[in-house]
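Trainee: I am new to this structure. Please pick one part and take me through it closely, step by step.

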Amino acid sequence: MKVSEQVDNTAVLASRQDIDSYIGVLLTDLGFVVMSLLIALFSTAADRNLTEVSTVPVGAFAGFVMLSATIMVAFGLPRSGASDADGRIILRTAVTTVSLALIAVMAGALSGLTLPLAVPMIFSACLFIMMTVSRAIFAQLNSRQLPGRRPTVDPMNKMPTPDMFLGRTEVGEDTLDGLYGLETYVGKSVLVSGAGGSIGSELCRQLIHHRPGRLILFDLSEVALFDVHRTLLQTASAAQVELVPVLGSVTDGILVAQVLAQQSVDIVLHAAAYKHVSLVQRNPLVGLSNNALGTHVLTTAAVQAGVERFILVSSDKAMRPSGVMGVSKRLAELIVQDIAHRMGDDGPILSIVRFGNVLGSSGSVVPIFQDQISRGGPVTVTDPHATRYFMTVSEAGRLVLYAGAMSRGGEIFVLDMGKPVRILDLALQAIVAAGRTIRSPKVPNGEIAVEIVGLCEGENRHEQALCDGTEKATAHHRIFCLEDAGLSEFEVAEILRALRNAIASGQPEEAFSALARRIPGFRNPTDPEETLPIAHIS
């Protein structure tokens, strides 16, 4: 199926769901009108001998109650969190409700309904309103989804949460209960680099529950560090965990050594990295310096300080990397592996945890889609066939902590993230789940358009599978251990020397050449014969 056909079909499906929801409400409304008329006629026929009382006040009162209720629903609910599309269908339902209910009241008045027997009529009308409102809310808010997906809209929020797009069961905290190793963090002094980022802040939140004695928040961004420290302060205080915010870069060897010594750090979780593919591709020396040299500085200082454990948070883009960001993370892995292989039995335990895209993290596709939808579109997709592996930030944090605790030294742990998800499907689902309609040739009045903008330089259409059949199982069914020989000490030193020379000269060519020689998959962007291919959209 062509991309345009898929967008058309999804747009038509969402439009039909909108119409079906409204028709369902209308048909049920008609049923309630018939019930109201039957109550009125039966009541009148059954008690003709009662004193006749004018039903005009009764009709006016019932009409006022129904009109007030429907106005409050029609104009109050959209302001409380329903989307514009939800507000429109509820408003149409409200107008229909008022019209049909007033017909029922007038019919009751014309039939000569007495005041005592008007009570069932008023009760029926009120029940009529409540049922209509409930059906309008649930039919509209819960039906807007793609086939095979569970309902993704929370009536109290305009946008679904990222974990609703996961497409599989999330690894919950209960799956780690009773597993050996998590007591590793209890009472320890733990440093988290990149503590203000998406993964770093989640690691900090979960670490507090394991009650380390001290938690050092290390970050280069003043704003991010301030926010994470302020957010965690109350929770850490309740758990009697000392929080120490440190502002600085992992490339600053003097600062890093001072912090490790002064805070008597036992465990390092290294999550600091530049991760946005297009930005690192355009700023290669800065990205390589932070991601690779920063890892070398921090790892070397941690070993010299005598820490017990060092865990590098890596990326699936490090597998046969084609772009600068991926190769910078692969070089960081090789640095940690090289140092780990040279450690004796009494040295620190160094390990690597590798996983893919985190739903909801800064710069990931779901927040970008949600922002584009909130602005009225268009939603941009790089390639109609591009796929990615996803996991939530909470399960990423849980699995990183456990993998780091089970390590014996030098391993690369990979996290099983299920099947890859097509980004175009994610974009279409995000639009429908947000209660918006998709614009397409078959639905030209749709609210949100989808545009294919092409892959960025250094970006792959598909990511390498983290598990290729050579991995070994661990105590956790979602964590596997890869066999990876890495590079020799000489080869790693050669790349680092070339990288430092490139940074000193401001010219990345020497670093690119060394990386291309030693790391399979990487293509030198400055070599005309190794230029990255331009994406062609079919």
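Mentor: What follows is a close look at the sheet, then at what lies around it.

Some ground rules come before that. This is a predicted model, so local features need pLDDT of at least 70 and side-chain atom pairs count only at pLDDT 80 or more, while totals for chains, interfaces and linings use all residues. Residues are numbered from 1 along each chain as its sequence is written, and side-chain values use heavy atoms, with hydrogens and water left out.

Start with the whole chain. It has 15 helices and 15 strands. Both are DSSP runs, numbered from the N terminus: helices are H or I with at least four residues, strands are E with at least two. Of the 538 residues, 52% are buried. Buried means under 20% relative accessible area, exposed means over 50%, and partly exposed lies in between, with a 1.4 Å probe and protein chains only. Take the contacts with a separation of 6 or more: 79% of them join residues 24 or more positions apart. Contact means heavy atoms within 4.5 Å.

Now the sheet. It is open and has 9 strands, in the order β3-β2-β1-β4-β5-β6-β11-β15-β14, with mixed pairing. The edges are β3 (242-247) and β14 (472-473); each has a single partner strand, so one side of each has no neighbour in the sheet. Two strands count as paired if DSSP finds at least two bridges between them. In general, such pairing runs through backbone hydrogen bonds, either parallel or antiparallel. Look at β11 (residues 412-415) and β15 (residues 479-482): they pair in the antiparallel sense over 4 bridges. One bridge joins L415 to I479 in β15.

A helix lies against this sheet. α10 packs on it and touches β5 (309-315), β6 (349-355) and β11. The direction of α10 makes about 155° with that of β5. That angle is between N-to-C directions, on a scale from 0 to 180 degrees, with axes fitted to C-alpha atoms, for helices over the stretch in contact.

Next, β1. S189 sits in this strand (residues 189-193). S189 is buried, at 4% relative accessible area. Beyond its neighbours within four places in sequence, S189 contacts R214, I216, Q263, S264, V265, D266 and I267.

Which residues touch the most other members of the largest nonpolar core? They are L191, F218, L260, V268, F310 and L515, out of 52 residues. Helix α10 (residues 324-341) gives the most to this core, with 10 residues. A second, separate core has 42 residues, among them A195, I199, L203 and F355. A nonpolar core is a set of buried Ala, Val, Leu, Ile, Met, Phe, Trp, Tyr and Cys residues joined through side-chain atoms within 4.5 Å.

V268 deserves a closer look. Leaving aside neighbours within four places in sequence, V268 is in contact with L191, L260, L298, A302, V307, R309, F310 and I311.

Two cysteines round this off. C204 is buried, at 0% relative accessible area. C481 is buried too, at 15%. The structure holds 0 disulfides, where a disulfide is a pair of cysteine sulfur atoms within 2.5 Å.

Last, α13 (residues 423-433). This helix is mostly covered, with 10 of its 11 residues buried. Among them are I423, L424, L426 and Q429. Just after α13, G435 takes a positive phi of about 80°.
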